[in-house]
Protein chains: 2
Amino acid sequence: MTPTVAVLAGGVGAARLLTGLVRAVPPAEVTAVVNVGDDMVMHGLAISPDLDTVVYTVAGAIDPDRGWGLRDESWQAMATLERYGGATWFGLGDRDIGTHLYRTQRRADGAPLSTVTAEIARGWGLDLAVVPVTDDPVRTMLTPAEGPDAGVEIAFQDYFVRRQHGVAVAAVRFAGAEAARPAPGVLDALGGAGTVIIAPSNPIVSIGPVLAVPGVQEAVAARRETVVAISPLVAGRALKGPADRLMRELGHEDSVVGVGGVGLVDHQRAGHADAVRAAGLRCVVTDTIMRDPAAAATLSMVALGR
Amino acid sequence: MTPTVAVLAGGVGAARLLTGLVRAVPPAEVTAVVNVGDDMVMHGLAISPDLDTVVYTVAGAIDPDRGWGLRDESWQAMATLERYGGATWFGLGDRDIGTHLYRTQRRADGAPLSTVTAEIARGWGLDLAVVPVTDDPVRTMLTPAEGPDAGVEIAFQDYFVRRQHGVAVAAVRFAGAEAARPAPGVLDALGGAGTVIIAPSNPIVSIGPVLAVPGVQEAVAARRETVVAISPLVAGRALKGPADRLMRELGHEDSVVGVGGVGLVDHQRAGHADAVRAAGLRCVVTDTIMRDPAAAATLSMVALGR
């Protein structure tokens with residue numbers, strides 16, 4: 001039997017890794033445990049950005065230029081919304097809206113998010129398991145350190161999309177995390193996996209909320225020897241998004257050691273090898289930039305030690 | 001000052017009349033008091049079919065072939081929904097969805113339906129007042145007389161769209177009507193109008209819920225001499241929809257007298273003139289088929305006695 005792989009996942013970086021991982025190992029052996037701290041209700045729609053980014057990307061349906069949403073997208077609903085002066089800062093394409101309509105109706109019918117996510121993944125013909133870390137609401141809240149909202153918590157998408165992560169952050173909180181329970185299958189996937197990969201997602205706001213669900217960090221720590229964290233930073237910089245800035249602002253080191261300091265890692269790949277080793281971690285230096293699925297597959301093989 | 005006109009309105013028939021009425025009199029003098037019994041929440045979206053049909057039609061934006069929804073429409077969201085096996089029997093075009101997103105968000109923000117409707121009408125540049133008869137929930141429920149659901153109440157769109165009004169009906173109820181209050185402006189518009197027109201909409205399921213809101217029927221009855229009902233039946237048949245069948249099934253006469261028996265009418269136009277007069281109503285026989293806005297304008301002038 002092939003050893004299974006569990007991946008702690010945020011959005012874009014994790015999704016790219018998964019496109020490679022499902023080429024490196026049988027997709028049915030892979031479970032992605034995905035962040036839900038970015039989830040929101042907007043215009044009445046239940047939106048799960050990281051879950052959708054993972055599904056769309058592995059399905060080959062993600063828009064390659066934007067990096068979010070579906071390719072061959074149209075924007076007619078947003079155009080109507082604009083006519084009324086409605087909020088259009090969170091772009092929802094027409095094709096993408098169908099996913100949110102489905103999720104919203106199913107949730108209203110009483111189906112848990114994990115069930116709906118499995119249905120959506122099946123709709124795209126995926127064989128890997130895509131699982132929200134929890135079926136309970138966890139919401140990533142950020143407190144700006146500056147500007148008109150200094151000291152006042154705002155929701156993740158308000159920070160990330162509306163303000164284009166352009167404001168310094170004083171604190172991050174995962175509202176609801178203490179009361180959240182891991183979704184069905186999450187602890188089994190982490191406990192039974194041959195390898196647990198921490199994807200190259202934002203350590204603070206993507207991996208952080210996953211580990212904040214009680215039981216998840218413990219499950220990962222219990223198998224420390226088989227946990228591989230892939231740094232999202234290249235030469236101390238995030239390829240995309242505010243990971244490097246957030247880590248500096250919140251007092252984590254701007255390096256792979258900083259990344260290691262956030263999660264629970266054993267192997268640590270890429271970057272400042274000596275600093276990583278000095279921190280007591282094993283370290284493999286490799287190319288972590290995933291230009292295409294083939295590069296992501298190569299990185300996956302390195303992560304799996306094959 | 002031009003005498004104002006208030007119109008009790010359902011969807012298609014009323015919307016067509018209004019396209020003519022706003023050509024016959026200054027639009028700012030017209031108030032459409034619109035049925036909300038067809039309203040529903042689906043996929044999390046707050047949908048108000050009759051309000052949208054009125055707004056889209058008067059704006060010249062209705063799809064002329066379907067008679068509902070917007071022209072130049074695309075169906076990408078529905079295609080995605082279908083991928084998951086979601087319910088697609090209630091067709092929502094991408095452009096149209098923008099209206100529902102706006103309404104849903106504004107309602108969630110606490111804005112009453114009448115406020116949101118005014119904003120939507122303004123978004124289409126309309127000068128007439130489009131007002132839901134009430135800001136409170138009123139839901140038209142029908143009890144099938146036959147089939148697997150015989151005796152079990154179903155919601156209006158379940159009857160009208162999903163079953164394509166193909167099942168005999170034993171009873172109609174306007175759930176919530178007793179507790180509903182007329183929306184701001186409704187009673188003033190009815191009380192102050194030079195003419196109140198009952199549009200050629202389905203008397204049972206379009207005009208019925210409007211009159212069921214406490215105070216509306218009384219306001220109309222109080223000005224009986226200036227109320228003009230336009231029959232939706234031509235030679236005893238509905239041009240569209242199940243008005244004739246519903247009236248038979250529920251024991252109303254299949255004629256303009258039947259129509260008169262449902263509402264409160266004074267003048268009664270088209271059809272069996274003698275029967276109408278025998279019922280104590282004044283009657284004007286005229287062409288009630290609104291082939292185009294010009295025909296609707298001519299009909300409006302007849303209704304206004306000009």
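The following exercises, each with a worked solution, concern a predicted model with chains A and B.

Residues are numbered from 1 along each chain as its sequence is written, and chains are lettered from A, with ligands numbered from 1, in the order in which they are written. Local features need pLDDT of at least 70, side-chain atom pairs count only at pLDDT 80 or more, and totals for chains, interfaces and linings use all residues, while side-chain values use heavy atoms, with hydrogens and water left out.

**Exercise 1. The relation of the copies**

Determine how chain A can be laid on chain B.

Solution. Step one is the superposition, made by least squares on the C-alpha atoms of residues with pLDDT of at least 70 in both copies. A turn of 180° with a shift of 0.0 Å along the axis lays chain A on chain B with an RMSD of 0.0 Å. The two copies are thus related as by a two-fold rotation axis. Step two concerns the surface: 100% of the contact residues of chain A recur in chain B, so the same surface serves both copies. Contact here means heavy atoms within 4.5 Å.

**Exercise 2. The interface**

Describe the interface of chain A and chain B by its contacts, area and composition.

Solution. First, 30 residues of chain A are in contact with 30 residues of chain B. Second, the chains bury about 2400 Å² between them, 61% of it on carbon and sulfur atoms; this is the accessible area (1.4 Å probe) lost on putting the two parts together, summed over both. Third, the rule finds zero salt bridges across this interface, a salt bridge being a side-chain nitrogen of Lys or Arg within 4 Å of a carboxyl oxygen of Asp or Glu. Fourth, on the side of chain A that touches chain B, H3, helix H4 (94-108) and helix H5 (113-123) of chain A each supply at least two residues. Helices (H or I, at least four residues) and strands (E, at least two) are DSSP runs, numbered from the N terminus. The largest share of that side, nine residues, comes from H4(A).

**Exercise 3. Helix H5 of chain B**

Establish why helix H5 of chain B is described as largely enclosed.

Solution. Begin with the term: buried means under 20% relative accessible area, exposed over 50%, and partly exposed in between (1.4 Å probe, protein chains only). Eight of the eleven residues of H5(B) (residues 113-123) are buried, so the helix is largely enclosed by the rest of the structure. Among the buried residues are Leu113(B), Val116(B) and Ile120(B). Next, consider the partners: the buried residues pack against helix H3 (76-83) of chain A, and also against helix H2 (49-58), helix H4 (94-108) and strand E5 (129-132) of chain B. Just after H5(B), Gly125(B) takes a positive phi of about 75°.

**Exercise 4. Two salt bridges in chain A**

Locate the salt bridges that Arg106(A) and Glu249(A) form.

Solution. Arg106(A) forms a salt bridge with Glu119(A), with the closest N and O atoms 2.7 Å apart. This pair links distant parts of the chain, with Arg106(A) in helix H4 and Glu119(A) in helix H5 of chain A, 13 residues apart. Arg106(A) is partly exposed at 22% relative accessible area, whereas Glu119(A) is buried at 15%. Turning to Glu249(A), its partner is Arg245(A), the closest N and O atoms being 4.0 Å apart. Both residues lie in helix H10 (residues 243-249) of chain A, four residues apart, about one turn of the helix.

Terms used:
Nonpolar A, V, L, I, M, F, W, Y, C, P; charged D, E, K, R; others polar.
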